[in-house]
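Subject: Structure for you to look at

Hi there,

Here is the structure I promised to pass on. Please open it alongside this message, and my notes follow right after it.

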Amino acid sequence: WTYELCWDKWVRQYHEDRGVVQSEYFLGLGPNAMLEDPLGIRTVNYPDGARSLVTQVLSMTRDPHHQRGVQATGKWELVPATRTTEAHYRTWMADGTFCEESQANRQVTVAVFCAADPTQEVGIKLREDQRCRYILVFTSRAACGWPELTPGDL
């Protein structure tokens, strides 16, 4: 599986074989998911033809099983450090691909931490804390420049 985090657009999970996406799930949509910017209009090959990611998101939301739920606001909140976790920023994306197991749309919480390891530019870990509800932990050296964040690790 390949995971794609596009800031305020989506978190996408897909499997590709010979340049064709065979399986794909949007784990959550951000407020700019429908924006026709270079990421949104990027053409992706699917077994039934090529189309932009914005077109793919539109077709997903028109699926009869898809439930229009609470939309992501794109707001990031600062989560202060505690005894068990470093300070980080967090946002939530909802309205992802419909999940048969939970009978609801997928959703993901994205948390951004400062990367404690000076050799690590970017790190991503994804876990499913409930059926079709995910937590994506993103660490970056760039986030260490934000005064609110202190070095942490995955």
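There are four aromatic pairs in the structure, which is a predicted model. In one of them, Trp1 and Tyr25, the ring centres are 5.9 Å apart and the planes meet at 45°, so this pair counts as tilted. Trp1 sits in the segment before strand S1 (2-6) and Tyr25 belongs to strand S3, so their pairing ties together parts 24 residues apart in sequence. Trp1 is exposed, at a relative accessible area of 51%, just on the exposed side of the 50% cut-off. Tyr25 is partly exposed, with a value of 28%.

Trp10 and Phe26 make an edge-to-face aromatic pair, with 5.8 Å from centre to centre and 80° between the planes. Here Trp10 comes from strand S2 (residues 10-17) and Phe26 from strand S3, so the pair links parts that are 16 residues apart in sequence. Both Trp10 and Phe26 are buried. There is also an aromatic cluster, formed by Trp7, Trp76 and Phe138.

Trp10 and Phe26 turn up again around Val57, a residue of helix H1. Leaving out residues up to four places away in sequence, Val57 touches Trp10, Phe26, Leu29 and Met34. Is Val57 buried or exposed? Val57 is buried, because its relative accessible area is 0%, and buried means under 20%. For a sense of scale, the C-alpha atoms of Val57 and Glu86 are separated by 34 Å, with their positions 29 residues apart along the chain.

Next, the nonpolar cores. The largest one has 16 residues, and those touching the most other members are Val11, Leu27, Val108, Val110, Tyr134, Leu136 and Leu149. At least two residues of this core come from each of strand S7 (88-93), strand S10 (107-115) and strand S12 (133-140). Which strand gives the most to this core? That is S10, with four residues. Apart from this core lies another one, of twelve residues, including Leu29, Val44, Leu53 and Met60.

Leu136 deserves a look in the viewer. Setting aside neighbours within four places in sequence, Leu136 is in contact with Leu5, Val11, Val108, Thr109, Val110, Ala111, Ile124, Lys125 and Leu126. Val11, Val108 and Val110 in that list are also named among the core residues that touch the most other members.

Lys125, one of the contacts of Leu136, is found in strand S11 (residues 122-130). Its relative accessible area is 48%, so Lys125 is partly exposed. The C-alpha atoms of Lys125 and Thr82 are 20 Å apart, while the two residues are 43 residues apart along the chain.

On to the pocket, which may be of interest for your own work. The largest pocket has a volume of about 330 Å³. It is lined by 16 residues, of which Glu24, Gln56, Met60, Asp63 and Thr97 are the closest to its centre. Strand S3 (20-29) and helix H1 (53-61) are the elements that give two or more residues to this lining. S3 gives the most, with six residues. What is the make-up of the lining in nonpolar, polar and charged residues? The residues divide into six nonpolar, seven polar and three charged. Met60 connects two parts of this message, as it is among the residues closest to the pocket centre and is also a member of the twelve-residue core.

Finally, a couple of backbone details to check. Arg18 is not a glycine, yet it has a positive phi of about 55°. Arg18 lies in the loop between S2 and S3 and is exposed, with a relative accessible area of 78%. Cys132 likewise has a positive phi without being a glycine, at about 65°. Its place is the loop between S11 and S12. Which side of the burial cut-off does Cys132 fall on, buried or exposed? Cys132 is buried, because its relative accessible area is 3%, and the cut-off for buried is under 20%.

Happy browsing, and write back whenever you like.

Best wishes

Terms used:
Residues are numbered from 1 along each chain as its sequence is written. This is a predicted model: local features need pLDDT of at least 70, side-chain atom pairs count only at pLDDT 80 or more; totals for chains, interfaces and linings use all residues. Side-chain values use heavy atoms; hydrogens and water are left out. On a 1 Å grid over the protein atoms alone, a cavity is a set of points where a 1.4 Å probe fits but cannot get out, and a pocket is an open set with protein on both sides within 12 Å along at least five of seven lines; lining residues have an atom within 4 Å of a point. Grid points are joined across faces, edges and corners, and a volume is the space filled by probe spheres set on the points. Ala, Val, Leu, Ile, Met, Phe, Trp, Tyr, Cys and Pro count as nonpolar, Asp, Glu, Lys and Arg as charged, and the others, Gly among them, as polar. Buried means under 20% relative accessible area, exposed over 50%, partly exposed in between (1.4 Å probe, protein chains only). A nonpolar core is a set of buried Ala, Val, Leu, Ile, Met, Phe, Trp, Tyr and Cys residues joined through side-chain atoms within 4.5 Å. Contact means heavy atoms within 4.5 Å. Rings of Phe, Tyr and Trp (its six-membered ring) pair if their centres lie within 6.5 Å; planes under 30 degrees apart count as stacked, over 60 as edge-to-face and the rest as tilted.
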